[in-house]
Amino acid sequence: MNETISRLEEVTYDDAIVRKFLLACMVFAGVAFAAGLLAALQLAFFPLNMELPWLTFGRLRPLHTNAAIFAFAGNAIFAGIYHSTQRLLKTRMYSDRLSAIHFWGWQLIIVAAAISLPLGFSQGKEYAELEWPIDIAITLIWVIFAVNFFGTLAIRREKHMYVALWFYIATIVTVAVLHIVNSIEIPWSYMNSYPVWAGVQDALVQWWYGHNAVAFFLTTPFLGLMYYYLPKAANRPVYSYRLSIIHFWGLVFIYIWAGPHHLLYTSLPEWAQTLGMIFSIMLWAPSWGGMINGLLTLRGAWHLLRTDPIIKFMVAALTFYGMATFEGPLLSIKSVSAIGHYTDWIVGHVHAGALGWNGFLSFAMIYYLVPKLWKTKLYSDRLANVHFWLGFLGIVLYYVSMVAAGITQGLMWKAIGPEGQLVYPDFVETVVRIVPLYWARALGGAFFLGGFMVMCYNVYRTIAASTEVSNETVRVRNTRYSSAGEGHRALEGMVTVFSVLSLIAILVGSVIEIYPTLSLHSYIAKTANIDPYSPLEIAGRDIYIREGCYVCHSQQIRPMVSEVLRYGSPSTMEESIYDHPFQWGSKRTGPDLARVGKKYPDLWHFRHMVDPRSVVEKSIMPSYSWLVKDKTDFLSLRKKVSVLRNLGVPYSPEQVAQADRLAEEQAKSVAQAIHDQGGPEGLERREIVALIAYLQALGQKEKQPRPTDQVTVKE
Amino acid sequence: MEDHEYDGIQELDNPLPNWWLLTFLGTIIFAYLYYLHYESGSGPTINQELKADLAVIEAAKAKRGTKSDSEEELQKLLASAAVLNEGKAVFQGKCAACHGADLQGVIGPDLTDDYWLHGQGKLADIATIVRKGVVEKGMPPWDGQLKDAEVSAVTVYIVSKRGSHPANSKGPQGEKIVSN
């Protein structure tokens with residue numbers, strides 16, 4: 001190789017920004033873990049919902065997931081990217097000002113989320129709950145991050161991009177596409193909006209987003225971090241350059257297709273379900289490519305596993321990554337999904353990835369970075385080991401209890417006796433059975449949190465002992481103009497081409513999978529035999545979304561005998577066609593609600609919302625007593641209905657103009673019914689009446705109602 | 001060893017492990033065949049599978065037969081303490097949420113008085129309502145959930161409580177049936 005000989009140049013890296021992201025990561029990790037532990041305890045012991053609206057499980061769970069993904073993992077990614085990119089490219093970041101805007105903007109977004117989610121501002125789409133002003137802020141800050149990152153690539157002193165940078169590029173490009181497409185929404189107030197997508201469309205877009213948030217926020221950036229910090233920490237060469245190439249492109253191309261495995265056995269067209277399943281299976285090897293390239297890099301350095309806590313965390317992280325990416329394809333097989341979907345098995349699976357892979361890799365990175373950034377030694381290796389074992393034990397306890405709970409409950413739901421009847425017809429029986437496992441899970445979470453607190457102390461003591469904090473200055477040789485090389489090697493020198501190819505790789509699957517369903521929707525709309533929700537039901541639906549009911553209740557009856565016996569005819573695509581957003585759900589902590597309408601009297605719902613135990617003795621559902629006190633927002637209904645009409649829901653101009661009056665009329669009759677059945681008087685302006693109207697409308701919107709005792713199955 | 005290094009990180013260029021390559025190829029071949037079989041071949045659709053499974057349930061139901069609730073047979077059960085105990089258990093588990101632990105009526109009506117909204121308050125009437133429900137009034141059908149013996153038991157239990165005058169009765173609803 002004929003390298004152009006050049007002088008050594010001096011570079012001072014911006015390490016201050018890395019320190020900031022790192023500390024933010026630790027602060028929000030604490031918040032995310034504590035929220036998770038409280039949520040886990042609420043499932044084991046419902047009184048911990050404390051009848052506080054802002055702390056109830058339905059609002060706490062989105063806070064926990066958003067904090068874990070965007071605040072904890074997000075800040076960890078940024079810390080690692082800002083630290084490693086500068087060194088891999090032998091240059092300071094493109095702009096310190098953009099770095100600062102990125103940092104403070106992102107923290108501001110997190111604070112906005114931490115305030116708005118407990119207040120109930122939610123889009124009702126998992127991991128995309130944040131409302132439109134925050135969505136716009138995320139887009140802006142992400143663009144700033146991208147400009148800063150690609151600007152740094154433009155001023156690099158290294159011709160070629162190391163594999164870690166490929167993964168960063170894929171992350172930045174794909175997250176932008178996912179976030180923008182999934183967040184297209186029309187506001188109806190300064191903090192509320194409806195997504196333009198509805199029903200099956202929205203389901204497909206949401207899970208294309210949701211799954212690839214896992215792929216491109218929790219996988220590719222962390223693989224990038226792994227590729228930098230593992231060889232650095234172990235001081236060993238990476239095992240295989242060509243494996244990096246194959247598994248990178250395989251992963252990026254295949255991952256994007258896998259979203260529909262979240263929608264197996266739903267009313268999503270079957271070909272799309274099958275595509276989602278087979279691409280998930282093909283994803284197994286590319287995922288493991290990252291794991292084996294990491295683990296085999298340690299050949300000749302395995303003794304470090306005994307002595308170096310950083311290596312210990314990394315090896316465990318890669319092992320959990322391998323486990324989760326084997327389990328993922330497994331769960332995507334239709335017949336396995338039939339048992340696992342809607343159960344805690346999925347929750348266990350996710351946490352093997354989140355706690356094991358993202359958590360442990362971040363911890364490894366923190367233990368690696370803190371002594372370097374604060375120019376000192378780690379206060380205590382022994383405490384780091386204590387952290388490792390507490391965390392490890394916590395994850396194992398969490399995972400085992402959740403898989404056991406999931407399989408137990410999944411099989412109980414499906415059990416049918418010789419007489420053709422459900423063996424466990426009462427849903428709550430299947431809940432009571434797994435409550436002990438909820439306690440075990442919470443204990444696992446407590447161990448994990450305990451370990452984290454040990455780390456906080458260790459890091460605090462390390463930083464406290466630091467006497468000097470400065471930015472690292474090094475002398476580097478500029479190789480920007482060395483020979484390009486051939487094949488993939490040449491591509492690694494071409495940032496724009498590489499980024500465009502990554503974009504194309506993720507767009508192929510996205511377009512092929514999503515586009516037909518989007519166009520299908522306009523076709524169904526013409527033939528749909530469905531009435532839209534009445535204005536009062538819309539008000540109720542917004543309360544349903546605000547309280548996060550979708551977190552524990554699905555609205556999607558799968559075409560399986562056990563579901564048909566328990567809930568009625570399978571859900572159809574038409575039934576949710578006017579649902580902006582769709583509310584199919586992904587977890588059944590309580591029963592499915594797709595056909596709950598007219599199943600119970602209004603008074604039953606009233607008593608159930610105020611105190612679930614008064615009608616279902618062993619229920620673990622929180623009490624929603626504030627719905628009896630709080631008043632329905634009738635005034636905004638005209639605006640809401642008008643936005644929905646613009647989105648294609650067939651309301652007449654009169655319905656828009658009279659929305660609030662129509663709602664008040666219907667509220668009177670529902671309130672009267674509650675009173676007639678023996679409930680209290682004067683509820684017509686209360687939120688509970690709107691919610692009951694909505695619940696009673698579920699599954700009741702077909703213009704020609706189906707006979708309740710008859711199951712209809714389409715060919 | 002590749003001739004490049006980044007911030008001290010070097011790369012080897014080991015061949016792809018064979019087992020890994022074979023796994024990758026295997027999943028691709030499986031994916032292709034699976035899609036072919038289920039989406040354009042002879043594989044059943046999800047709804048076809050459901051229909052087949054539902055036929056099995058229907059057959060089981062047919063074998064079970066439709067139980068006709070005869071007044072005389074139910075009358076005989078009234079004397080059995082075991083049946084009454086079973087009926088009580090079923091009632092407390094499934095019915096008490098709406099009718100009250102003492103059958104006094106909460107969401108649904110009082111079941112101990114002489115007033116009936118549906119049927120004549122006879123054993124066979126009650127058993128039919130337990131089975132079929134009164135869906136428009138919010139009484140769910142229990143046919144798919146309770147076994148025949150459980151329906152009988154809970155019916156007998158309800159009738160055994162006739163005239164028990166529980167505290168906090170919801171009050172009479174429906175028509176008074178004089179003789180029973």
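Does K375(A) count as buried, partly exposed or exposed, and at what relative accessibility? The points below take up this residue and other features of what is a predicted model.

1. **K375(A) and its backbone.** K375(A) counts as partly exposed, its relative accessibility being 34%. The residue belongs to the loop that joins helix 14 to helix 15 (381–414) of chain A. Its phi is near 50°, a positive value in a residue other than glycine.

2. **Y342(A), a second positive phi.** Y342(A) has phi near 70°, again positive in a residue other than glycine. It is placed in the loop between helix 13 (334–340) and helix 14 (344–373) of chain A. With a relative accessibility of 1%, Y342(A) counts as buried, whereas K375(A) is partly exposed.

3. **The surroundings of W197(A).** This tryptophan sits in the loop between strand 3 (192–195) and helix 6 (199–217) of chain A. W197(A) counts as buried because its relative accessibility of 14% is under the 20% cut-off. Apart from neighbours within four places in sequence, its contacts include K125(A), V181(A), I184(A), L518(A), D579(A) and H580(A). The pairing with H580(A) spans 383 residues in sequence, yet the two C-alpha atoms are 6.3 Å apart.

4. **A cis peptide bond.** H580(A), a contact of W197(A), is followed by a cis peptide bond to P581(A), with omega near -5°. P581(A) lies in the loop between helix 20 (561–567) and helix 21 (602–610) of chain A.

5. **R61(A).** Helix 2 (residues 57–89) of chain A contains R61(A). The relative accessible area of R61(A) is 17%, and the residue is buried. Leaving aside neighbours within four places in sequence, R61(A) is in contact with E126(A), Y127(A) and V551(A).

6. **Salt bridges within chain A.** Over all chains, the structure holds 31 salt bridges. One of them pairs R157(A) with E9(A), with the closest N and O atoms 2.7 Å apart. This pair links distant parts of the chain, 148 residues apart: R157(A) is in the loop between helix 4 (132–154) and helix 5 (163–182), and E9(A) is in strand 1 (residues 8–12). R157(A) counts as buried at 18% relative accessibility, while E9(A), at 25%, counts as partly exposed. The side chains of D96(A) and R92(A) also meet in a salt bridge, at 2.7 Å from N to O. Both partners count as partly exposed, D96(A) at 36% and R92(A) at 24%. In a further bridge, E547(A) and R546(A) meet at 2.9 Å, N to O; E547(A) is buried, with a relative accessible area of 2%.

7. **A salt-bridge network in chain B.** Salt bridges with shared partners join D69(B), R131(B), K132(B), D143(B) and D148(B) into one network.

8. **The form of chain B.** Chain B comprises six helices and four strands, in the order β-β-α-α-α-α-β-α-α-β from the N terminus. Its radius of gyration is 31 Å, well over the 16 Å that the globule rule gives for 180 residues, so chain B is more spread out than a compact globule. Along the principal axes, the C-alpha atoms fill a box of roughly 100 × 45 × 35 Å. Buried residues make up 37% of the 180 residues. Among contacts in chain B with a separation of 6 or more, 65% are between residues 24 or more positions apart. Chain B exposes about 9800 Å², of which carbon and sulfur atoms supply 56%.

9. **The interface of chains A and B.** In the contact between the chains, 53 residues of chain B meet 71 residues of chain A. The two chains bury about 5600 Å² between them, with 64% of this area on carbon and sulfur atoms. Y6(B), W20(B) and I46(B) supply 13% of the area that chain B buries against chain A, more than any other three residues. The rule finds three salt bridges across this interface. D7(B) and K232(A) form a salt bridge through their side chains, at 3.3 Å from N to O.

10. **A nonpolar surface patch on chain A.** F253(A), M494(A), V497(A), V500(A), L501(A), I504(A), V508(A) and I512(A) make a nonpolar surface patch of about 600 Å². Helix 18 (residues 495–527) of chain A gives the largest share, six residues. M494(A) lies in the loop between helix 17 (488–491) and helix 18, and is partly exposed, with a relative accessible area of 37%.

Note on methods:
Residues are numbered from 1 along each chain as its sequence is written. Chains are lettered from A and ligands numbered from 1 in the order in which they are written. This is a predicted model: local features need pLDDT of at least 70, side-chain atom pairs count only at pLDDT 80 or more; totals for chains, interfaces and linings use all residues. Side-chain values use heavy atoms; hydrogens and water are left out. Patches are made of residues with over 30% relative accessible area and no salt bridge: like charges are joined within 9 Å, nonpolar side chains (Val, Leu, Ile, Met, Phe, Trp, Tyr) within 5 Å. Accessible areas come from the Shrake-Rupley method with a 1.4 Å probe; for residues, only the protein chains shown count as cover. A salt bridge is a side-chain nitrogen of Lys or Arg within 4 Å of a carboxyl oxygen of Asp or Glu. Helices (H or I, at least four residues) and strands (E, at least two) are DSSP runs, numbered from the N terminus. Buried means under 20% relative accessible area, exposed over 50%, partly exposed in between (1.4 Å probe, protein chains only). The radius of gyration is taken over C-alpha atoms; the globule rule is 2.2 Å times the number of residues to the power 0.38. Contact means heavy atoms within 4.5 Å. Buried area is the accessible area (1.4 Å probe) that two parts lose on being put together, summed over both.
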